[in-house]
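This report walks through one model, from overall form to single residues. Look at the structure first, then read on.

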Amino acid sequence: MTKEFLTKIGVAEELIPQIVAESLKETNAIQEKLNTANQALKDAAEDKTKAVKEVQDKLDAADADKQSALDGLKLDFAKIRALEKANVHSIKAIEPYLDASKLKLDGDKLLGLDEQIEALKKSDPYLFKPEESTEPKPQFSTVLGGGSGGNPDDAAVRAIMGLPPTA
């Protein structure tokens with residue numbers, strides 16, 4: 001409210017300063033409440049931003065941990081497959097001889113293991129199964145006595161054992 005407005009509506013000249021002062025008190029009180037509310041909103045927005053950042057940081061850390069664990073599993077599986085191909089007797093027995101810091105996974109290819117396996121084959125060959133020969137293995141027959149149908153002649157076997165023939 002302005003002095004001109006109050007004069008126009010017929011308020012007495014001596015009352016105008018009191019009305020303006022009272023109106024100013026109310027306006028100041030409302031302005032103070034508005035400032036307090038604005039500050040509360042600003043504080044809430046900052047708190048929300050901080051909370052979102054904390055949650056995002058936790059999610060990022062969890063994603064990094066998950067990726068690290070997944071990469072570790074991929075490396076372990078690739079190492080196991082490579083050791084099985086190398087014909088080791090026992091994966092647990094050979095692991096202490098391997099330097100894990102030299103192993104690296106490049107896509108699906110495991111780097112750094114082949115050199116270690118070759119060195120171990122020379123220094124500790126007992127850790128590996130012998131290479132299988134490409135020559136055919138001999139086949140043995142267990143048929144005794146030459147009876148019909150490949151069955152052993154019961155009478156001949158009994159005679160060899162010193163037993164009487166069966167009736």
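Start with one residue. Leu-113 touches Lys-79, Ala-82, Leu-83, Leu-98 and Leu-103, leaving out residues up to four places away in sequence. Leu-113 also belongs to the largest nonpolar core, which has 13 residues. Those with the most contacts inside this core are Leu-83, Ile-94, Leu-113, Ile-117, Leu-120 and Phe-128. Two helices, α2 (16–85) and α4 (113–123), each supply at least two core residues. The largest share, three residues, comes from α4.

**Confidence**

This is a predicted model. The protein chain averages a pLDDT of 87. Of its residues, 91% score at least 70. Residues 145–151 fall below 50. Beyond near neighbours in sequence, that stretch has four contacts in the model.

**Overall form**

The protein chain has five helices and two strands. From the N terminus on, the order is α-α-α-β-β-α-α. What radius of gyration does the protein chain have, set against a compact globule of 167 residues? The chain has 47 Å, whereas such a globule would have a value near 15 Å. Along the principal axes, the C-alpha atoms fill a box of roughly 150 × 50 × 20 Å. Of the 167 residues, 12% count as buried. Take the contacts between residues at least 6 apart in sequence: 40% of them join residues at least 24 apart.

**Two polar residues**

Gln-116 and Asn-87 can be set side by side.

| Residue | Place | Relative accessibility | Contacts beyond four places in sequence |
|---|---|---|---|
| Gln-116 | helix α4 | 12%, buried | Tyr-97, Leu-98, Asp-99, Lys-102, Leu-103 |
| Asn-87 | loop between α2 and α3 (91–94) | 29%, partly exposed | Phe-128, Lys-129 |

Is Gln-116 buried or exposed? Gln-116 counts as buried because its relative accessibility is 12%, under the 20% cut-off. Gln-116 sits in α4, the helix that gives the core its largest share. Two of the contacts of Gln-116, Leu-98 and Leu-103, are also touched by Leu-113.

Asn-87 reads otherwise. Its relative accessibility is 29%, so Asn-87 counts as partly exposed. That value lies between the cut-offs of 20% and 50%. The backbone of Asn-87 has a positive phi of about 60°, although Asn-87 is not a glycine. Most residues other than glycine have a negative phi.

Asn-87 also links distant parts of the sequence. Asn-87 and Pro-130 are 43 residues apart in sequence, with their C-alpha atoms 8.0 Å apart in space. Beyond its neighbours within four places, Asn-87 is in contact with Phe-128 and Lys-129.

**Around Phe-128**

Several threads meet at Phe-128. Phe-128 is among the core residues with the most contacts inside the core. Asn-87 contacts Phe-128 from the loop between α2 and α3. Which residue lies over the face of Phe-128? Lys-121 does, at 5.7 Å from the ring centre. As for aromatic pairs, a search of the whole structure finds zero.

Notes. Residues are numbered from 1 along each chain as its sequence is written. This is a predicted model: local features need pLDDT of at least 70, side-chain atom pairs count only at pLDDT 80 or more; totals for chains, interfaces and linings use all residues. Side-chain values use heavy atoms; hydrogens and water are left out. A nonpolar core is a set of buried Ala, Val, Leu, Ile, Met, Phe, Trp, Tyr and Cys residues joined through side-chain atoms within 4.5 Å. Buried means under 20% relative accessible area, exposed over 50%, partly exposed in between (1.4 Å probe, protein chains only). Contact means heavy atoms within 4.5 Å. pLDDT is the predictor's confidence in each residue, from 0 to 100. Rings of Phe, Tyr and Trp (its six-membered ring) pair if their centres lie within 6.5 Å; planes under 30 degrees apart count as stacked, over 60 as edge-to-face and the rest as tilted. A charge sits over a ring if NZ of Lys or CZ of Arg is within 6 Å of the ring centre and within 35 degrees of the ring normal. The radius of gyration is taken over C-alpha atoms; the globule rule is 2.2 Å times the number of residues to the power 0.38.
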